Each structure stands twice: as C-alpha cells, then as structure tokens.
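Me: I am new to this structure. Please take me through its strands, its core and its cysteines, one step at a time.

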Amino acid sequence: MTPLAIAFLPLTDSAVLVSAREKGFAAERDIDLTLVRTTSWATVRDRLVFGQVQAAHMLAPLAIAVTLGLSQHPAAIAAPFKLNINGNMLVMAGGFAAALDPDVIRRTADPVGSAHDFAAAIGLYHRKPIIGVVHRFSSHALMLRYWLGYAGIDADRDVTLRVLPPSLMAEALRTGEIDGFIAGEPYGSIAIGEGLAEAVALGPCIWQRGVEKVLAMRRDWMEANADVVDRLLQALTAAAAWCDDPANREELAELLARDEYVGQPASALLPALSGRLTLSADQSTVDVPDALLFHREAAGFPWRSQALWIYSQLVRWRMITASPDNERQAAEVFRSDIYRRALVDMGEPMPGASLKLEGAVTQPMPVGAYRGALTLGPDRFFDGAVFDPADVAGYLRTYRIGTDHI
Amino acid sequence: MRIVIIDDTGLRATVLEEGLREAGYDDIHVVPPRGAFVARLERMAPDVVLMDLGDPSRDTLEEMLVVSRALARPIAMFVDRSDDTMIGAAIDAGVSAYVVDGLRKERVKPIIDLAIRRFNAFARMQAALDEATTALADRKTIDKAKSILMTSRNLSEPDAYALLRSTAMNQNRRIVDVAEALITAAGLLGGGA
C-alpha cells in the first residue's frame, strides 16, 4: 500500500477524508491513509509546503494565496478536488444580533435586509464590532466581506476582523474577545447550543454554492505522483458519495465525533450533515438542504471560474494587485484537468467545461456533461451578481468598496 | 537581540528559556497566547518569535504580522526559506519561528537550532513523564486486583499475582486490563474491593 499523509483541521467538512480512511475507500485503492490533525491553518499550510504531509484539507483561498506568495513561504499549490461546498455560519452574540430582525428565521432568510440592518446598527454599538474569522485567506472572510460590502461596510475600516482557529471561537465569544464569528461547522452550532450566540447569516444564503475546502497538494509532488493522485481522487469520490447518502448520516456523525477527528458530540455535527440547522437558543430551526454538499452536482469538480472568483476578491480587498500573471496563476491552482483524468473511468458525471458563469443558475439546471447526466443546483450570490470569469476587471468595476485603487 | 517565546505550558517555555540564556541570550520574554497577547507582543517589538507549531494562536500571530504597523517589516519563517533540512527538523520538533525583521541568517540559526534541541528534549521528558504516570496508575490497579483475589480466594500475594498473570496470558490481554475487569466485576458483585 502507498503510505499517504493528509493534514486536516477538526471540522465537519473533514468528513470526506475521515470516511476515506475509516470506511476503507482509501485502502481499497491501495492507499494507506494517515490523517494528521492540526489546530491552525498556518500549521496545515507549513506541513504541506515543507513536505511533512503529501496533501491537506485546505481553505480554497489559502491554496491560492500560498501560490501567489501572500502567505509565508510561496509554493505552487494544486487543488485537483473540492472536499465540499458550503458549511459556514455567521453567528453573533445576542447584544449584537439585537439590532437585526428579531425573528432569526426571517433574518437568515433575508441576507439583503440583514446586511442593511447591520450597517445601520454599527453606529449604535459603542465600539466597532469584532468579528472572528478563521483566516485572512478563508472563504469565510471573503464571504463576510462580500456580505458587509453590499451594505457599504468596509471590513477593513468599519469592523475589526480577528483571526482565530475555528475551535477557539466559542471560547473567545464567551470571554468577550469577539462579538461574533463566521466559521465552518460545527462551531456555529456549538456556540448557538451553548447560548453564546445566534445565527445571523448562513453560508448558502450568501452564495448558494460557495467554494469551501479543497484537497491541496504541492504541484511538483502531484506531477511526480500521478498514479497515487488518481487513486486518491477515486477514493475521495467514493467517500464523498458515501458521506452524501442520508442513510449514512448517523454513522458519519459518530465517526467524526471521535477524539482523533473533530472531537465534538455527534449532536453538534448532525445539523450541517442533515441540513437542519438550529439558529438560536429558543430552538428556531430551519431546513437548509444545501447546508453542506460533498458529492452531488459534481461537488468535487474544481471549476477554474471559482478560483478566479476568489482571485477577484483578493484584488477587491487590496490583498493583491491585479495583473494578468496573478490572474493566470490563481486560475491554475484549480486543476479540473487532473480531476477529469483521475475520475474518467469511475462513471462520474463530468462537466463539459472548466469555467462557468458563477451565480447565473437560479433553478436546477442540466448542463453539458459526458458520462452521465449532470444537474447543477442554483448557485446565486445573494446580491444577484453574476461573475464572468472572462471579465474579472469588468466584474470588479461594479463594486464600489475596496476597488478604488484599480 | 530580543526573543519572545509564546507558550502557555510553563515547563516547555522554561526549558527553552534556560537554554537560550545559557547560550548567551538575555533579552528573553515568555508570553502566554491568551487574551491580548498580540498587543503585548507588538509593544515588545521582538526580533525573533518562537512558538509551538501546534499552538492555535499561530493564525492570530500571522494575521498580526500582516496588518501590524509596528511590525510591518519583512518577515521570514524558519530564517532561511531555502534551508529545507532545518525547516524539516523544526517542524518535527514542533517549533515555528518568526523572524520579524531582516536579521541575518548567521545570527538566527543558532537560536532555532537550540530551540529544536530543547523542544525535542522537552518532548522526551514529557513522554517519560507520561510513561511514569501510566506505570504508577497500572501498578495501583494491579495491587487492588491482587488484594481482591487475596481476600476472596484466600490466596497469598505471589499466588494472586500469578493468577492474574496466567489469566492475562491465556486471554492474550495485558495484566492491567485483566485487573481492571476484575475490579469492575467485584464492584458489580458487591465484593470487597
């Protein structure tokens, strides 16, 4: 068996990796998979970049930031597979949520109204709200900035973003270090369950098919180990299908609950897995069928247009200057070609294109695919914007905040 | 040269600090990674920051290094980005190092080397301590099981131990596991434990 080590963070969306090991999908493809649990994204990044592990559970924007030289040691990272879609929740302590719609179900269903309400309330707080994000280069931070920006709030000027690993968020809320946070599950559900916070916005209500974690590896390693990469992607695809099957939900929650994985009770893991989220201590619950996707709609397929959307946000928030070279490098992080090569014989529905308009699908839509039928779910951004990967500059011109420098 | 160690296990920080002092560095500060540690760190303006690789506050620190005005200088991790052997050794030992200004490699390398050795020594110490604690707990369990057997079966101490040992061998289990099972059973049966 080929030994392979993958670093991960204790989050519900490590499910595909955990089940690949525990349900034998990796072993079936002759891979002896070791999962290395870490606490911070910085450590995951270092272990990957410096070759201590061969692959990592990684924030999609971090994979791009490392490639562009924005996060410590630059290294060409490749992401040939997405580990999940969605899975994040923005929560705030009661006092800070009080200025929003008191009906938590209405509030989360209406991100447009909530963004305006939050903008109006900023002046009422006695200081800038401090919001925890899991990393500067996280999908969570980009999503939060996008949502705030809609209502004219500049995240760098009007609020304080504080970086903390997801597992420390609830504690930071308890000690008053932060007023709210956006993090991957189960940490939002845990904070709500402990009565520390209530939901303010749900990831899929901001971007219905938000890119979340990718399987990241060093490009040079990926190129030198094509056969292992193919077998790994096949194992992860089988694992993802297993994770998406409602019949396996309870078992998956029990697996993830174990100390060596997420180390949180199964009851905290089930909301995202089942799509039934509890939004506040008064037990308001809501069905969000797309709270977390692992496999359906070709969830694992790394659309290059999604890498470009992330790049557009890095430019928008002044983290990198726009240049054709940076744009090309960012797009090349998502390796749809490797995904196709590895999975062509598995009978997986395979998208015919590698780029698409992001945010343009409003109804389930059958799309061009070879091998099997593929229907994409709605992928709208809450503001109705459509991202055309062929015209990043044009897209950015439509945004007022954060683009004054280009 | 000012060195800050970010650590909240007093022991590891002490081990590291002592080593650095012996090596002739005297401007050393230990900051626990809690609360407003980033603000404290900023005021200290360190030249080198050392922390445990597994420390969750690394993300917070890195964010500070990106946005801080006071420390808005080029930073390097593990001193020299091309020195893969040293980086590997540092990661294995669990050290992460941030050099917050443009210090020359020759000046920082000995600090990192020393930190790696000290972190390794600490890990060995910790392992030995854990082992000793476990061994002690195991012995207590076995003693308790022995005394149950001595009372209930009227055995001598060596015979009680021999019975535990042969049972463990027959069942292919550890003696301590057999002892634990016996104590549990005795408890359930209301036997004298």
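Me: Which residue in E9(A) does A:Met89 stand opposite?
Reply: This is a predicted model, in which local features need pLDDT of at least 70, side-chain atom pairs count only at pLDDT 80 or more, and totals for chains, interfaces and linings use all residues. Residues are numbered from 1 along each chain as its sequence is written, chains are lettered from A and ligands numbered from 1 in the order in which they are written, and side-chain values use heavy atoms, leaving out hydrogens and water. Strand E5 (residues 88-92) of chain A pairs with E9(A) in the antiparallel sense over 4 bridges; strands are DSSP runs of E of at least two residues, helices runs of H or I of at least four, numbered from the N terminus, and pairing takes at least two DSSP bridges. In E9(A), the residue opposite A:Met89 is A:Leu202.

Me: How many of the residues of strand E9 of chain A are buried?
Reply: Buried means under 20% relative accessible area, exposed over 50%, and partly exposed in between, with a 1.4 Å probe and protein chains only. Strand E9 spans residues 198-202 and is mostly covered. The buried count is 4 of its 5 residues.

Me: Which strands stand at the edges of the open sheet of chain A?
Reply: The sheet has 5 strands with mixed pairing, in the order E2-E1-E3-E10-E4. Each edge strand has a single partner, so one side of each is left without a neighbour in the sheet. The edge strands are E2 (31-37) and E4 (77-82).

Me: What is the bridge partner of A:His57 in E10(A)?
Reply: Strands E3 (residues 55-59) and E10 (residues 213-218) of chain A run antiparallel and are joined by 5 bridges. For A:His57, the partner in E10(A) is A:Leu215.

Me: Which helix gives the most to the largest nonpolar core?
Reply: A nonpolar core is a set of buried Ala, Val, Leu, Ile, Met, Phe, Trp, Tyr and Cys residues joined through side-chain atoms within 4.5 Å. The largest has 165 residues, and those touching the most other members are A:Phe118, A:Trp147, A:Leu215 and A:Phe334. With 11 residues, the helix that gives the most is H13 (residues 226-244) of chain A.

Me: Is A:Cys243 buried or exposed?
Reply: Over all chains there are 0 disulfides, a disulfide being a pair of cysteine sulfur atoms within 2.5 Å. A:Cys205, at 26% relative accessibility, counts as partly exposed. A:Cys243 has a relative accessible area of 8%, so this residue is buried.
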